[in-house]
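Please find below my notes on this model, set out as numbered points for discussion. They deal with the domains first and then with a few local features.

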Amino acid sequence: MKITAVHVETLELQMEEPFVIASSALAVSPCDLVRVETDEGLVGFGEACPAYEFTGDTLWTVQDVIGEYLGPAVIGKDPFQLEAIVHCWERKLWTVGNQAACAALEMALWDLQGKALGRPLCDLVGGRTRDGLVEVIAWGWDEPEALAGKTRRMRAEGITVFKIKVGDRPERDEQRVAAVREAAGPDAHLTVDANQGWLDARTAVRAIKLLEPYRIELAEQPVRMDDLEAARFVRSHVDVPIALDETVRGPREALAAAKAGACDIFVVKLMKTGGILGALKVNAIAEAAGISVMMGNMGESSLGLAAHFQLGVALANATHCDADLPSRPGGYARDIGSGLCTELRDGVSTVIVPRAPGLGIALDEDAIAAQRVTRRW
Ligand SMILES: [Mg+2]
């Protein structure tokens with residue numbers, strides 16, 4: 001099988017409501033959709049969800065980098081030559097940054113491999129170690145009363161895990177977490193993500209100690225991404241496991257964080273690792289260091305989420321997964337794909353990861369056309 005064409009288009013997905021966290025506020029979410037055609041008629045799909053404040057990528061840099069560099073380099077190649085293709089990107093094209101562009105194109109090649117073999121992506125990276133993923137709802141910065149109301153509604157629909165964005169003033173964070181705990185009930189699972197918002201180690205320790213009585217199960221990115229010593233300090237002064245997200249972009253940062261004893265959990269996102277091969281390397285470092293992995297996401301549509309969830313069911317070391325769906329509150333008004341669904345298992349809403357070949361997602365071309373954008377400035 002030979003790759004014959006690579007297409008990339010840019011979309012702005014409309015959010016149902018703005019999603020506010022410590023480092024950004026989103027009313028629309030940019031994404032780049034990649035299609036890779038082959039001489040056998042198979043088409044692979046990939047998605048970039050660039051987040052400038054995380055990786056420096058924008059939807060236009062993704063389009064340019066794929067259109068001018070990465071795309072031409074894969075024409076004529078076999079999608080199964082993945083290691084050689086990625087090695088060429090890293091060592092011949094010298095892709096500095098641009099992980100989102102690499103991730104989107106690499107995702108499309110995995111999708112092609114799965115479609116060619118008639119197997120879901122998870123079967124290409126070890127096979128299923130779990131059958132589904134417990135659905136998670138993420139709450140941005142909002143009024144405590146509003147969070148409580150939304151939490152009650154979602155709890156009634158079988159949601160048992162709530163991720164609360166914090167990193168505001170610690171007392172304000174406590175009000176939000178208290179409201180969610182009260183509404184969710186004692187048996188719900190709560191995690192928090194500060195997105196670097198507490199900035200320094202002492203503030204982070206004070207904030208986490210305020211939140212500990214509400215039985216949070218992990219605290220994500222309490223301090224600035226480039227301050228491993230601060231993360232290590234926080235971890236040694238609180239009882240809650242520390243997850244690092246912004247800090248751990250690829251294997252190098254993962255190794256440094258592991259050596260520093262800075263965290264208990266790595267948050268793995270394809271837009272940071274530059275794709276699934278990079279994610280597998282981060283997971284290998286994690287396993288060797290006794291660190292577990294949380295599969296996160298950057299708020300992709302169903303297409304990009306499916307790639308994360310396929311890894312989430314395959315990696316035994318992925319003890320957590322932000323399995324949130326675009327169809328839920330805070331998601332997209334109009335998703336661009338279908339194939340992810342939920343079912344209630346013993347009253348717990350569980351995301352069923354597709355068993356169809358590749359990513360297992362069918363695209364909605366009308367939704368894509370309606371949200372396509374052209375360059376402007
Ligand atoms: Mg995070």
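The points that follow go from the domain arrangement to single elements and one proline.

1. This is a predicted model, in which local features need pLDDT of at least 70 and side-chain atom pairs count only at pLDDT 80 or more, while totals for chains, interfaces and linings use all residues. Residues are numbered from 1 along each chain as its sequence is written.

2. The domain assignment of the protein gives domain 1 as 3-118 and domain 2 as 123-352, such bounds coming from an automatic or database domain assignment. Taken over C-alpha atoms, the centres of domain 1 and domain 2 are separated by 23 Å.

3. Between the two domains, 32 residues of domain 1 are in contact with 34 residues of domain 2, contact meaning that the C-beta atoms of two residues, placed from the backbone, lie within 7 Å. On the side of domain 1 that touches domain 2, at least two residues each are supplied by strand 1 (3-20), strand 2 (25-38), strand 3 (43-48), helix 1 (52-55), helix 3 (82-91) and helix 4 (99-117); helices (H or I, at least four residues) and strands (E, at least two) are DSSP runs, numbered from the N terminus. Helix 4 gives the most to this side, with nine residues.

4. Strand 1 and strand 2 run antiparallel and are joined by 13 bridges, where pairing requires that DSSP finds at least two bridges between two strands. The two strands form a hairpin with four residues between them, and E12 has P30 in strand 2 as its bridge partner.

5. Helix 3 has I85, V86 and W89 buried, that is, with 20 or more other C-beta atoms within 10 Å of their own, whereas exposed residues have 12 or fewer and partly exposed ones lie in between, C-beta atoms being placed from the backbone. These buried residues cover an arc of only 90° around the axis, so they are on the same side of helix 3; the arc is that of the directions from the helix axis to the C-beta atoms. E83, A84, H87 and R91 are exposed on the other side of helix 3, while the buried residues pack against helix 2 (59-74), helix 4 and helix 11 (276-289).

6. P50 has its place in the loop between strand 3 and helix 1, and is buried because 27 other C-beta atoms lie within 10 Å. Not counting residues up to four places away in sequence, P50 touches P30, T55, D57, T58, L59, V62, A100 and M271. The C-alpha atoms of P50 and L303 are separated by 14 Å, although these residues are 253 residues apart along the chain.
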